[in-house]
Amino acid sequence: MGTAPLIQVTDLVKDYKIGKRGSRVNLRAVDHVDFEIKKGKALGVVGESGSGKSTVASILAKLLAPTSGSVMFDGQDVTGLSGASLKAFRRRVQTVFQDPFSSLNPKMTVLKSISEPLVVHAVGSKEERSARVEELLVMVGLEPSYAMRYPHQLSGGQAQRVSIARALALQPEFIILDEPISSLDLSIQAQILNLLKELQAKFQLTYLFIGHDLGTVAFISDDIVVMESGKVVEQGPVEALFGNPQQEYTKKLLSAVLDPEKDLGRFLATR
Amino acid sequence: MNLAEQKVDTVVSIKNLDVVFNTASGPLQAIHTTNWSVAPGETFVILGESGAGKSVSVHAVSGLLPSTARITGSIEFEGNEILGADQESLRKLRAEKIGVIFQDPLTSLDPCFKVGAQIAEIFQVHRGMSKDEAWNQAVSLLDSVQIPDPERRANQFPHQLSGGQRQRVMIAMAIALEPKLLIADEPTTALDASVQVAVLELIQRLRDQRDMAVVLITHNIGVAAAIADRIAIMYAGRIVETGTAQEVLRSPKHPYTQALLSSMPRIGASKAELLTTISGTPPSLATIPSGCAFHPRCTRAIEKCKTDVPRLEPTKQSVNHIFSCHNPAEGA
């Protein structure tokens, strides 16, 4: 209660110039966005494609510079970071993306992929790093023997577990999860969702979770931000927001959810 | 069996279908003794995870399997056996009577031609229409799949349309020749949820107007629930449970179906606890477990499950609700 937010996003704007020279137009991908995430909490961001949710995630991960606005991380504005202070920030913030096979180098063993962040940040000796990789693999539910495998020898779910292990390697405080289960098989999605939840509790992790399946986002998140065309149209605690949506757009998103129970026969003919 | 009667009842009927792919590392059996049929105006949904064989039995019908596929068993289309039929009559049958739509319309449309021209080509080739006639027909077809301002859209290229509009164009092409069967292979997987709803509504409307049979492949339980008359759940190349949507989803009997349904996160569910999960991963074709292929992941597995493939048998409640399990939970 009363704790300062770990992440505070204020008046965030991202513009893209599109079109040919001479007839450039401005495309506002993120339009004056504000939200905060308290330490140890998970914020879900929902919206249709083109709503700007992944752009926000990229700005938070410092993969993209905003046009204006500020991102405070643990009391420090990180938008202008560079050099050593940026490197220190990167250690505390990690990302997991949708397709694990495009985020793992096909030529690197699992051992090498997971230990890479440790090498970059000069953590431990080679032996200590190997031991840490084994520990991380067990943490995400894989046998230590997986360390010697290459990505093509992994299933989608296993590869995503490796991506999560790599994200955890530097003991970050904040993890950005951009559609982390969307490319996985149904029976694997629940496994990864549970894993994310268990890890969050164990390490007091703070999450930004982007998803298009509202049931999934609701399961992970404490609070929800609903985005449409770059703007936040509604935000609040998940139960209140999904239980009693105020904005038309949120209602539209919710009515498009197909629930196996409630929507049974929804499109059947009135025969 | 009365053939004339069957003609009315079923559009396509698959019996004891096996499909084996010849690969460099030996034959791989993609589906085992699969049976299903679909009637005019009915939607049959095949639900399963990747590698379960959802697409294989369906594309044995559409003729879109690679040439390495060895298909045995029986496929009757409007009462006539088509397995082994001559290529020319098959080609004609498939062109005229079977429409297919896929997940990603961008890869199915030619980026170099206006969408109107791509649709018009169908009428020129198959209906012998003039260019102008065919174009007008294409525009009216775009109108019937509810594309606003169809004349303008017909003059655009695929990249100028949204994902939902492109899928409507694909649907227009698939139904252009008024097929008896529409095969929809993950038709809404790449779309936003609200667009998904609109596309499913369109498929349903067209199905009812034209009394088309629809076979829809999906891995999304919500989609299956919303549109299916009947559902088949596939796992590792076999149907493990089939029945009406109501039967399969309201009272699932196979442990796999039950586990899938309970592992799905839902809005409004209590938040505190973890989801029910199925351990392990779906098997690949090369490593399908013996006996019941689900046994290594099944909480109800007994010795018999490791050695004997369970047979599909009806439930006590309904002869049409069929599932295969040696050790079903109480009540099955």
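These notebook entries record what I looked up in a predicted model with chains A and B.

**Entry 1: helix 4 and helix 5 of chain A**

I began with helix packing, since two packed helices are described by the angle between their axes and the distance between the axes. For helix 4 (residues 110-120) of chain A and helix 5 (residues 126-139) of chain A, I noted axes that come within 9 Å and cross at roughly 115°. Angles from 65 to 115 degrees count as roughly perpendicular, and helix 4 of chain A and helix 5 of chain A are therefore roughly perpendicular to each other. I also recorded the handedness, and helix 4 of chain A passes helix 5 of chain A in a right-handed crossing.

I then listed the residues that meet here: helix 4 of chain A brings A:Leu111, A:Ile114, A:Ser115 and A:Leu118, while helix 5 of chain A brings A:Arg129, A:Ser130, A:Arg132, A:Val133 and A:Leu136. Sorted by class, the residues of this contact between helix 4 and helix 5 of chain A are 5 nonpolar, 2 polar and 2 charged.

Staying with helix 4 of chain A, I looked up burial and found A:Val110, A:Ser113, A:Ile114, A:Ser115 and A:Leu118 buried. The buried residues of helix 4 of chain A pack against helix 5 of chain A and also against helix 6 (156-168) of chain A. Just after helix 4 of chain A, I noted that A:Ala122 takes a positive phi of about 50°.

**Entry 2: further positive phi values in chain A**

Most residues other than glycine have a negative phi. I therefore wrote down two further exceptions, one of them A:Asp11, which is not a glycine and has a positive phi of about 55°. I placed A:Asp11 in strand 1 (residues 5-18) of chain A, and its surroundings hold 12 other C-beta atoms within 10 Å, so A:Asp11 is exposed.

The other is A:Glu179, whose phi is near 50°, again a positive value in a residue other than glycine. A:Glu179 lies in the loop between strand 7 (174-178) and helix 7 (186-203) of chain A, and because 19 other C-beta atoms lie within 10 Å of it, A:Glu179 is partly exposed.

**Entry 3: strand 7 of chain A**

From that loop I moved back to strand 7 of chain A and asked how many of its residues are buried. I found that 5 of the 5 are buried, so strand 7 of chain A is largely enclosed by the rest of the structure. I checked the two faces separately, and both are covered, with A:Phe174, A:Ile176 and A:Asp178 buried on one side and A:Ile175 and A:Leu177 buried on the other.

For its pairing, I noted that strand 6 (residues 93-96) of chain A runs parallel to strand 7 of chain A over 4 bridges, and that A:Val96 has A:Leu177 as its bridge partner in strand 7 of chain A. Strand 7 of chain A also pairs with strand 8 (residues 206-210) of chain A, in the parallel sense and over 5 bridges, where A:Phe174 has A:Thr206 as its bridge partner in strand 8 of chain A.

**Entry 4: the contact between the chains**

I next looked up how chain A meets chain B, and found 34 residues of chain A in contact with 36 residues of chain B. On the side of chain A that touches chain B, helix 7, helix 8 (214-220) and helix 10 (248-255) of chain A each supply at least two residues, and the largest share, 8 residues, comes from helix 7 of chain A. By class, I recorded this side of chain A as 17 nonpolar, 10 polar and 7 charged residues.

**Entry 5: sheet and helices of chain B**

In chain B I noted an open sheet of 8 strands with mixed pairing, in the order 6-7-8-3-9-10-12-11. Its edge strands are strand 6 (98-101) and strand 11 (313-314) of chain B, each of which pairs on one side only. Within chain B, strand 7 (residues 181-185) and strand 8 (residues 213-218) run parallel and are joined by 5 bridges, and B:Leu182 has B:Val214 of strand 8 of chain B as its bridge partner.

I closed with helix 5 (residues 115-127) and helix 8 (residues 163-175) of chain B, which pack at an angle of about 15° with their axes 9 Å apart. That makes helix 5 of chain B roughly parallel to helix 8 of chain B. I listed B:Val115, B:Gln118, B:Ile119 and B:Ile122 of helix 5 of chain B in contact with B:Val169, B:Ala172 and B:Met173 of helix 8 of chain B, and this contact has 6 nonpolar, 1 polar and no charged residues.

Conventions: Residues are numbered from 1 along each chain as its sequence is written. Chains are lettered from A and ligands numbered from 1 in the order in which they are written. This is a predicted model: local features need pLDDT of at least 70, side-chain atom pairs count only at pLDDT 80 or more; totals for chains, interfaces and linings use all residues. Axes are lines fitted to C-alpha atoms, for helices over the stretch in contact, and angles run from 0 to 180 degrees between N-to-C directions. Angles under 35 degrees count as roughly parallel, over 145 as roughly antiparallel, 65 to 115 as roughly perpendicular and the rest as oblique. A crossing is left-handed if the near helix is turned anticlockwise from the far one by less than a right angle, and right-handed if clockwise. Two residues are in contact if their C-beta atoms, placed from the backbone, lie within 7 Å. Ala, Val, Leu, Ile, Met, Phe, Trp, Tyr, Cys and Pro count as nonpolar, Asp, Glu, Lys and Arg as charged, and the others, Gly among them, as polar. Two strands pair if DSSP finds at least two bridges between them. A residue is buried if 20 or more other C-beta atoms lie within 10 Å of its own, exposed if 12 or fewer, and partly exposed in between; C-beta atoms are placed from the backbone.
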